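Please work through the following exercises with the sequence and the coordinates at hand, attempting each task before reading its solution.

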Amino acid sequence: FCSPRSMQRFLAQNKENADYNQYWYSPNTVQYILDEIQAVGAQKIAFISTPSLYFSLQDKTIQSQSKVLDFDKKWRRNPGYIFYDFNEPLEVPKELAAQFDFIVVDPPFITEEVWTKYAQTIKLLAAPDAKILCSSIAENDKMLAELVGVKPTIFKPSIPNLIYQYNFFSNYEPKVLNVTNPEVPE
């Protein structure tokens, strides 16, 4: 489901862009997230502001049914790319409404204003009973619970070049992300 070669190629070809507040997950974290997506049986995934995950997918059938929504236009030639500006949260193709059984989100900013906009996009794209996985700081737990109905998971992502620790939040009981990440000290 996850190709280490694809992941390494993505990381080598796509340096983090501070202007876009881009910080990639570690390869180990990418593996865990994609294993989680596979474990829950997701078939159609919305990767919102998470291109490192989308481009690390090995399963081309799943990738062809999924979309990566991102502000960085360097991926515009990929058929799964959708330009996404969180300041226009409902400006996504209408045919994508209620189409995704799994949505993974990692906004470039952690404020309530930004998360409120991302929540609008999540609600627009989510199929009934969609699984949602969000990445943010622990202090946002109550806000995220209110906005998108998620709660903290045990697993915390490793984002090597980010100076503070993020958490994952989900609206379901994780199957793979229910363990501690060996890369993140307790």
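Contact here means heavy atoms within 4.5 Å. The model is a predicted one.

**Exercise 1.** Determine which residues Phe47 is in contact with, leaving aside its neighbours within four places in sequence, and place Phe47 in the largest nonpolar core.

Solution. Applying the cut-off to Phe47 gives Leu34, Ile37, Leu53, Tyr54, Leu57, Ser66, Lys67, Val68, Leu69 and Val104. The largest nonpolar core has 32 residues, and Phe47 is among those that touch the most other members, together with Ile37, Ile45, Leu53 and Phe102. Two or more residues of this core come from each of helix 2 (27-39), strand 1 (45-48), helix 3 and strand 4 (100-105), with helix 2 giving the largest share, 5 residues. A second, separate core holds 25 residues, including Val105, Val114, Ile132 and Leu144.

**Exercise 2.** Decide whether Ser52 is buried or exposed, and list what Ser52 touches beyond four places in sequence.

Solution. Ser52 lies in helix 3, which spans residues 51-54. Its relative accessible area is 3%, and because buried means under 20%, Ser52 counts as buried. Beyond four places in sequence, Ser52 touches Phe10, Trp24, Tyr25 and Val30.

**Exercise 3.** Identify the strands that pair with strand 7, and state which residues of strand 7 are buried on each face.

Solution. Strand 5 (residues 126-136) pairs with strand 7 in the antiparallel sense over 4 bridges, and Leu133 stands opposite Ser170. Strand 6 (residues 151-152) also runs antiparallel to strand 7, joined by 2 bridges, with Pro152 partnering Phe169. Both faces of strand 7 are covered, since Asn167 and Phe169 are buried on one side and Phe168 and Ser170 on the other.

Note on methods: Residues numbered from 1 in each chain as written. Predicted model: local features only at pLDDT ≥ 70, side-chain atom pairs only at ≥ 80, totals over all residues. Heavy atoms only, no water. Buried < 20%, exposed > 50% of the residue type's maximum accessible area, 1.4 Å probe, protein only. Core = buried A, V, L, I, M, F, W, Y, C linked by side-chain atoms within 4.5 Å. Pairing = 2+ DSSP bridges.
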